[in-house]
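Have your viewer ready and follow along, one selection at a time. We will begin in the interior and work outwards to the parts that call for caution.

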Amino acid sequence: MKSSGLGALLTLVALLAATSLGLLAFRDVRLIGETGLAGELPAKIGPRTGRTPLYCRSEECGNVVSDEPGAPAEACPVCGSGLDPMSPAERRLLPADTTVLRRQYTAPGHDPMLVSVVFMGADRTSIHRPQMCLEFQGHRIVEERVIAVPLGGDPPLKAMHLGLVHVVQAPDGTERTAEFTYTYWFAGGGTTTPFFMRMQMAMAAERVLKSTAHRWAYVSILAPRASAGRDSAEVARFIGRLWPLLSAPAP
Ligand SMILES: [Zn+2]
């Protein structure tokens, strides 16, 4: 995948995270603990090494660079502005107590996998149905199904797997089509679900019945889409390595 494609991928996921967070009042609700997930993403997953993307603080610039170990980038090489692990849109749109973990995992001969974990905060934190946000942004969903990720001795993790087609515009104005897969699930209160509505219902039931709210996380993986079937197998293998590291952090 060329660097321009990676840039588009990073911009796309930042938009997804930012625009999918809606407004839902959480006033008078007691937030319980944490999500139980690890506080950071692993340095390596299988053969792939993780890098944290850094976003130019200038929204007009929109540049994304990778944080290289040993040689941390301090300023945008395009415009000289500072760099931030959250995109300007995320800073602008997300409640202050929302946190985002993001790493791009790459290895020669393997598809890049961009992992994002959005930890929802206590105040006006919710997310819209991801499909709605994707379509609103002009992405065409060409595939939608639940996949079961084998987890060794544990029951499989169920995740929603989408095939996306969107149009990328090059700086010279020419357009080309890019295809991605977007795989996500929600985790909170000791459970997971691939279904947005089920997560919403669990949150609503807690709020109404107990005036409490567990913190939920929204985990997503964006990857290039080569062909239906093959890429979901590769994403599933990747998630099978990621999720045990993320959901059962070392004590
Ligand atoms: Zn810049």
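**Start in the core**

Select Trp185, Trp216, Ala217, Ile221 and Ile239: in the largest nonpolar core, which has 40 residues, these touch the most other members. Such a core is a set of buried Ala, Val, Leu, Ile, Met, Phe, Trp, Tyr and Cys residues joined through C-beta atoms within 7 Å. Buried means that 20 or more other C-beta atoms lie within 10 Å of a residue's own; 12 or fewer make it exposed, anything in between partly exposed, and the C-beta atoms are placed from the backbone.

Now colour the elements that each supply at least two residues of this core: strands E7 (99–107), E8 (110–119), E11 (154–169), E12 (175–188) and E15 (216–224), with helices H4 (196–210) and H5 (230–247). E15 gives the largest share, seven residues. These labels are DSSP runs numbered from the N terminus, with at least four residues (H or I) for a helix and at least two (E) for a strand.

Before going on, note that this is a predicted model: local features need pLDDT of at least 70 and side-chain atom pairs count only at pLDDT 80 or more, while totals for chains, interfaces and linings use all residues. Residues are numbered from 1 along each chain as its sequence is written.

**Two residues to centre on**

Centre on Ile239. Setting aside residues up to four places away in sequence, Ile239 touches Val149, Leu157, Ala159, Thr183 and Ile221; a contact means C-beta atoms, placed from the backbone, within 7 Å.

Next, pick Thr183, in strand E12. Is Thr183 buried or exposed? Thr183 is buried, because 23 other C-beta atoms lie within 10 Å. Beyond its neighbours within four places in sequence, its contacts include Met160, His161, Ser220 and Val235. For a distance to draw, join the C-alpha atoms of Thr183 and Ala236: they are 9.1 Å apart, though 53 residues separate them along the chain.

**Along the strands**

Show E7 and E8 together. They run antiparallel, joined by eight bridges; strands pair if DSSP finds at least two bridges between them. Thr99 stands opposite Phe119, and Val100 has Val118 as its bridge partner. Two residues lie between the strands of this hairpin, where Gly109 takes a positive phi near 80°.

E8 itself is mostly covered, with seven of its ten residues buried. Add E15, which runs antiparallel to E8 and is joined to E8 by six bridges; here Val115 stands opposite Ile221. On E7, add strand E4 (residues 48–56), also antiparallel, with three bridges. Thr49 is the bridge partner of Thr106 in E7.

**A helix and its end**

Select H4: its 15 residues reach 21 Å from first C-alpha to last, close to the 21 Å expected at 1.5 Å a residue (1.5 Å times one less than the number of residues). Just after H4 comes Ser211, with a positive phi near 50°.

**Finish with confidence colouring**

Colour by pLDDT, the predictor's confidence in each residue, from 0 to 100. The protein averages 79, and 79% of the residues score at least 70. Which strand has the lowest confidence? Strand E1 (residues 21–22) does, at a mean of 38, while strand E3 (residues 44–45) is highest at 94. Over residues 18–28 the pLDDT is below 50, although this stretch has 30 contacts in the model beyond near neighbours in sequence. Where pLDDT is low, the predicted coordinates should not be read in detail.

Conventions
Contact = placed C-beta atoms within 7 Å.
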